[in-house]
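Dear colleague,

Please find below the structure that I agreed to pass on to you. My notes on it come directly after.

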Amino acid sequence: AVDYVFRYPYGCMEQRSSRIFPLVAFSEYMKAFDLNNEVKYPKLVAKKEIKSWKKIQMQSGGFPYWPNDSREADLYVSMRIAEIIALAQEKDVVDMDDTGIDLGSLGQYIQNQLNKINGYADPDNSYKCYLTAYGYYVMSRIGRVISAEEIQAVAENPKSDLNALALCALTYLEIDEEGKAKSLAKKIKNYAQYSTRGITLNSTQGVFNYWNYYNDAAEDFALTLMLFSKLSPKDDINARLVYELLTLENQTKGYWKSTAVTNRVLSALDVYIRANDLTKTNLTAEALIDGHKFVEGKFKGVAALPVDNRIKFAEEPLKSLPREKELPVVINREGKGSLFYTVSMKYAVPASKQTAAEQGICLYTEIYDVKTGELVEADNLESGKVYREKVYVSSNLNRNYLALRVPVPSGAEI
C-alpha cells in the first residue's frame with residue numbers, strides 16, 4: 001500500500017500529498033517498506049515537497065486539484081493537504097513559519113466552502129454531513145477554533161453516517177471534549193456486528209452511500225479504527241477493524257480503492273501503531289494445547305511478520321489428544337509489546353446434530369383462543385376457531401436491525 005501511493009504516476013495535488021504521507025507518518029521505519037535505499041532522508045524530502053506547495057496555494061487560501069490550475073481551489077484536496085500539514089507539524093517534519101503556507105487563509109477557505117455547501121438545497125445530506133465533519137476535523141487540527149455546538153449539529157443530523165460520526169468524535173478529541181467523543185463512539189459501536197475474527201459496520205442509513213474517489217467502505221473502518229485507537233487502544237474492536245482492513249486490502253492486491261482511501265487507511269494504521277506502541281515490540285511467543293506446542297514465533301518492531309500454523313486433526317499434536325473433552329490452550333509471551341493472536345477450530349457437524357447457534361437472540365411464541373383467552377398448544381388447534389399468536393423477542397445487545405421469520409402453524413391462515 002505504501003509502495004502504491006509512493007509510486008503513483010500522476011501529479012494532481014491529492015496524489016502529490018498522498019505520495020509524501022508515508023514519509024511523514026512512517027519515516028522512522030522506511031526500511032520495513034523497502035524504501036530506505038530510495039529515500040535516505042524521508043523527513044527532508046517531505047519538508048521540501050510541503051514547502052513547494054506555497055507557490056500552489058491560491059489567493060482564496062485553498063489548493064487546486066491540479067497544481068497548474070488557476071481557476072479555482074478544490075475543497076477535498078485543500079482539506080487533505082491541511083490534514084497532512086497538521087501531521088507533519090505533529091511529527092516535527094516542518095515548521096509552518098518556514099514553509100510560507102498560510103494556514104489561516106487555508107482554514108478560512110475551508111470554512112467558506114462549508115458555509116456554501118450547507119446553504120445548498122441538496123438532497124444528498126449524508127454527503128454534506130461527511131464534508132462538514134471532515135472540514136471541522138482538519139480545521140481543528142491546524143488550529144482553527146471549532147465549537148462543540150458546531151460538531152454537535154453534524155453529529156445529531158439524522159443523515160450523518162458512521163464516517164461523519166467518527167470524524168465528529170475525532171474533532172471532539174481535538175478540542176478536549178473526550179466525554180462527547182466517547183458518547184459518539186458508543187453510538188458507532190451499536191452499529192457494529194462482531195464475527196469470529198472481524199467486524200461488520202452497518203450504515204445508519206440502512207445502506208452505505210459512496211459518492212467519490214475518496215469515500216469507500218475501507219474509509220469507514222479506518223476512521224472507526226482511528227477513533228477507538230485514540231480512545232481505547234486495548235479495546236478488542238481495534239484488532240477486528242485491522243483484520244477487516246487487511247482483508248479488504250487483499251481483495252484489491254495490496255492497496256485500497258484509491259490513493260485517497262489508501263492514505264486514510266494508512267493514517268489509521270499510523271494512529272493504531274502509535275497508540276499500541278508497536279514500534280517497540282520485541283517479544284517471543286508460543287501456543288500450547290493440552291501442554292503440546294503447536295506454534296511459536298519471534299516478533300521485533302512494527303515490521304514483524306505474523307506466524308500462522310494450521311494443523312489437521314489427523315496430524316500431531318492433535319492426533320494424539322483425547323476427543324470429546326475440553327482441552328486448555330495456553331499462550332505464553334516473553335518480552336515487550338502487545339501480542340495479537342487468533343485461535344480457531346473448524347470442523348464439520350452432521351446435519352442431524354446441527355442446531356440453532358446462540359447469538360444472544362431469544363424468540364418464542366404463544367397461541368391463545370380469542371374467545372376464551374386460554375393458552376393453546378400449536379398442535380391442538382381446531383378448525384373454524386380464531387386464535388391470537390404472540391411473538392416474544394429478546395436480545396442481550398442493542399440491535400438496530402433484526403429480520404425475523406415467524407411461520408404460522410400448519411393449516412392456519414392469517
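The notes below cover a helix, a buried serine and a sheet.

Please bear in mind that this is a predicted model.

Helix H3 spans residues 42-52, and its buried residues are Pro42, Ala46, Glu49 and Ile50. These residues cover an arc of only 100° around the axis, which places them on the same side of H3. This fits the general rule that an α-helix has 3.6 residues a turn, so residues three or four places apart point the same way. On the other side of H3, Leu44 and Lys48 are exposed. The cover over the buried residues of H3 includes helix H2 (13-25), H4 and helix H5 (96-99).

Helix H4, one of those covering elements, comprises residues 75-90 and contains Ser78. Ser78 counts as buried because its relative accessibility is 0%, the cut-off being under 20%. Leaving aside residues up to four places away in sequence, Ser78 is in contact with Gly62, Phe63, Ala73, Leu106, Tyr109 and Ile110.

Turning to the sheet, 3 strands form an open arrangement in the order S7-S6-S8, with antiparallel pairing. Strands S7 (375-376) and S8 (387-395) stand at the edges and have a single partner strand each, so one side of each lacks a neighbour in the sheet. Strand S6 (residues 361-369) is joined to S7 by 2 bridges, and these two strands run antiparallel. Tyr368 has Leu375 in S7 as its bridge partner.

With kind regards

Definitions and conventions: Residues are numbered from 1 along each chain as its sequence is written. This is a predicted model: local features need pLDDT of at least 70, side-chain atom pairs count only at pLDDT 80 or more; totals for chains, interfaces and linings use all residues. Side-chain values use heavy atoms; hydrogens and water are left out. Two strands pair if DSSP finds at least two bridges between them. Helices (H or I, at least four residues) and strands (E, at least two) are DSSP runs, numbered from the N terminus. Buried means under 20% relative accessible area, exposed over 50%, partly exposed in between (1.4 Å probe, protein chains only). Contact means heavy atoms within 4.5 Å. The arc is that of the directions from the helix axis to the C-beta atoms.
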